[in-house]
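Here are a few notes to help you find your way around this model. Have the sequence and the 3D view open side by side as you read.

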Amino acid sequence: MNSSIKATLVMAAALSLPAMAEHSGVSFDHKDWEVVCDNTLTCRAAGYSAEEEASGSVLITRKAGPDTPVTVDVVLAEMETDDATQQAKLTLWIDGKSQGDVAAEDSDTWRLSDEQASSMIAAVKGSSKVEFKGGAKPFVLSGEGASAVLLKFDDVQGRVGTPGALSKKGDKAENSVAAPVAAPVIQAVAVDDGEDRTLNEAEVKALKPRLLATLSGDNGCDRLSSPQEATVEGDNDITLTPLDSQHALISTLCWRAAYNEGYGYWVIDKALKGNPQLITNSASDYADGAISLGQRGRGIGDCWASAEWVWDGATFRKSGESTTGMCRYVRAGGTWDLPEFVAEVKEANPAK
């Protein structure tokens, strides 16, 4: 992945206030492969065609725990192809020998059988040629980086040296594998239906220093610290949104780039007397008790970072964080969903 693009995605996906941060997962990439393991220790490794070819991608998924199954899904590049080609019958070939047709999972995704998955993983770690035929053009899966990524996959799940390892198998007991970690549970709380309002000049003057005091390093807010000429009406406004009888949400535009923009969100008491609590400086929207983030890794939108925070009655807790994988011109909107953080959100009861 281009380092500047990767930096954009990492910056967009790691934006919680440190004091409120939930433990996230692990991500690692090398050449044409990457792995992302979420906070439950479910891991997903994505491999791609060589960057200049952009013909497809595979996704290896495995939950934590002994003897858990491995699934391998396949998609073909669609950025420059007719959608009809996605209905093609797909066949797996290794070193010029057919390994049989791949079963269609849905209209544009295929899933390998257990035997095909095992053969593909073994082949991609070595010098064998792995190819999927049947689309508009053959999808040749790159093996560059596969060994390092699959080793990291096993390492996170504690599988190195076990019979079920993807990379380095051994005779270490399977019951030594790390157990899955339970996802945190968040009880969402309904918010009031009060109207937003723009803070007046006196309120801004009193509150702004306290907002700025919450910012440092990557959690900056340039447009708050150094207001610029507004290109859109309201760019420099600071808005208050009621949450309940005691709490309010403060928001303002923090930064704008070529194809992304980020809003800062803070929780504060309704009277604006206390110290604001920063939630993020790069959100995209707020609605019905949820702050959401969606930032593209580059202009064509083939890779994205996303995150969400939900109101629990006291603060906004991170409920999800993910990227769509490398920027490889495979799918508009991104190739896969690769969560680094997941949570179980219990639906809020309607506000009274």
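1. Let's begin with what packs over helix H3: its buried residues are covered by elements that include strands S1 (26-30), S2 (33-37), S3 (43-48) and S4 (56-62), along with helix H2 (114-124). Please keep in mind that this is a predicted model.

2. Which residues of H3 are buried? Within this helix, residues 146-156, they are Ala146, Val149, Leu150, Phe153, Asp154 and Val156. They sit on the same side of H3, because they cover an arc of only 165° around the axis.

3. Follow the chain just past H3 and you meet glycine 158, whose phi is positive, at about 70°.

4. A little further on is threonine 162, in the loop that links H3 with strand S11 (185-187). Is threonine 162 buried or exposed? Its relative accessible area is 0%, so threonine 162 counts as buried. The side chain of threonine 162 comes to 2.6 Å from the backbone oxygen of arginine 159. Leaving aside residues up to four places away in sequence, threonine 162 touches Lys168, Lys169, Gly170, Lys172, Ala173, Glu174, Ser176 and Val177.

5. Now for the largest nonpolar core, which has 33 residues. Trp33, Val58, Ile60, Leu112, Met120 and Phe132 have the most contacts inside it. Apart from this core lies another, of 16 residues, with Leu211, Cys221, Cys254 and Leu278 among them.

6. Valine 58 is worth selecting in the viewer. Not counting residues up to four places away in sequence, its contacts include Trp33, Ala45, Val72, Met120, Phe132, Leu141 and Trp336.

Key:
Residues are numbered from 1 along each chain as its sequence is written. This is a predicted model: local features need pLDDT of at least 70, side-chain atom pairs count only at pLDDT 80 or more; totals for chains, interfaces and linings use all residues. Side-chain values use heavy atoms; hydrogens and water are left out. Buried means under 20% relative accessible area, exposed over 50%, partly exposed in between (1.4 Å probe, protein chains only). Helices (H or I, at least four residues) and strands (E, at least two) are DSSP runs, numbered from the N terminus. The arc is that of the directions from the helix axis to the C-beta atoms. Contact means heavy atoms within 4.5 Å. A polar contact is a pair of N or O atoms within 3.5 Å; within protein, one must be able to donate a hydrogen and the other to accept it, and residues adjacent in sequence count only if both atoms are side-chain atoms. A nonpolar core is a set of buried Ala, Val, Leu, Ile, Met, Phe, Trp, Tyr and Cys residues joined through side-chain atoms within 4.5 Å.
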